[in-house]
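Me: Could you take a close look at one part of this model for me? I'm new to this, so please explain the terms as you go.

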Amino acid sequence: GYTQLLDDLGEGTWVNHAEEPGRIQKWKKESVTKLLSELDFSKNSSIPKAQTDFLNDAKFNAIWRSYYIANDKNTLANKEGLATGGELAYSSAKYFNTRLNLTLHTTHALYAPTNNVDGSNLSGGANDASINVFGIANVEVTQNNHTLTLGHQKLSNPMLNHKTVRMLPTTFSGSTLHSKVMGIDFDLGYITAIKQRYDDTFTSIGQHIFGNTAEKSPLLYLGVQYQSDNSKLQLWNYQASDFMNTIYTQGEYKFSNINLSVQYLKQTEASGFVQNIDSSLLGAKIDYKKSNYELSLAYNQSGETSDVITPWDGTPAFTDSMVSNALETSTKHKGITGVTDSAYVADTSSYKVALKLPSIGITKSALIGSYAAYTQKQSEKTRTEVDIVWVKKEIYHAIDLKMAYIHVENEKFGGTKTLPQHITRNQYRIILNYPF
């Protein structure tokens, strides 16, 4: 980093001498090089190497983010909101195989009308509302192919996911261990709390589901993944004491430009505290990729007995879409958070078609469109959703732009003056990201 500075000084540079005005002295490159060398931690032998690495290799990253969302419904008042914020992240270098990770997540409402707001998912409330929280704050210890993380962290697995679909991500608190042994990835987790994307507080896993009177029971999970050149297999087991057990498995096989995937999920009650949990989900998907074009066809079928429960922002169904309005408000698991996504309602069959195309004449951009349909057998009602997303990288310098349009046709039981049988919903999103 000093090469340009030395070149700028040059051999013929003359400066005023600080102690003897009127006298000029020629500074040699060699003298400046020696001075800068003494200031360089990595070359200073008086400081242990482990400490100099810790000082020199620390990383700071920031992302500025602005988000606008508007909802147009035929049953309710239109809602909209605009927020800005982002994240500031620090990651130290390793010191005796240990590093510290800190990320401040922040969002502030720019426009969020009090009585007509969709800003709760953006900034936690109406005008001038804001969220500032260290969503990530952990100690990470690495030894060979093993990484232990203690504290607040992002997770990305079938049932626990950071799911950054608004301003802030969902993050989790606990202990996780990732190991790679003989080409097989193992993930072990002990999760005690979750912070939702619209909140600044970590809530215990049990209380997040059942309210403040519930036990602060943890969630344990184990994941095993194996991947070869043309295949991948993963198996996950989640156990929430006094609640439910979840098993998820997914297999993939790739040949030529085609990728085939199958998935299966099974949930059962862990004790008598919550009854009637006997859920399942079966799915299949085929992806075709060639050059910058992608085509995907997916199908899911949920079990007849009970809804699949997804309280920790993990939504693994192949037919999952951008808006999570359910066919019916679930009554099978009353009082439990996260059971209303259409693909997970009991006895629902669904399919999804998605196509990704490069934007003609516009570099670093793509257009993604999808159509999904969900049919609940008992009610004989169908919900459809059309998602259209346009993404442009570096629309101005390093700023990325994402625009989305979602159209939902949703049929409900019965029909009243406030909630007619047929619901139409249009949603618009504009998102700007600037990493620096």
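Reply: Over residues 413-417, pLDDT (the predictor's confidence in each residue, from 0 to 100) stays under 50, and the model has 5 contacts beyond four places in sequence for that stretch; a contact means heavy atoms within 4.5 Å. Where pLDDT is low, the predicted coordinates shouldn't be read in detail. The mean pLDDT of the protein chain is 81, with 74% of its residues at 70 or more.

Some ground rules: this is a predicted model, where local features need pLDDT of at least 70 and side-chain atom pairs count only at pLDDT 80 or more, while totals for chains, interfaces and linings use all residues. Residues are numbered from 1 along each chain as its sequence is written, and side-chain values use heavy atoms, leaving out hydrogens and water.

Now let's zoom in on Asp 400. It sits in strand 20, residues 399-411; strands here are DSSP runs of E, at least two residues, numbered from the N terminus. Asp 400 counts as buried because its relative accessibility is 16%, and buried means under 20% relative accessible area with a 1.4 Å probe, protein chains only. Leaving aside residues up to four places away in sequence, Asp 400 touches Lys 392, Lys 393, Glu 394, Ile 431, Leu 432 and Asn 433. As for Glu 394, its backbone nitrogen lies 2.8 Å from a polar atom of the Asp 400 side chain. The C-alpha atoms of Asp 400 and Lys 364 are 9.8 Å apart, though 36 residues separate the two along the chain.

Key: Helices (H or I, at least four residues) and strands (E, at least two) are DSSP runs, numbered from the N terminus. Buried means under 20% relative accessible area, exposed over 50%, partly exposed in between (1.4 Å probe, protein chains only). A polar contact is a pair of N or O atoms within 3.5 Å; within protein, one must be able to donate a hydrogen and the other to accept it, and residues adjacent in sequence count only if both atoms are side-chain atoms.
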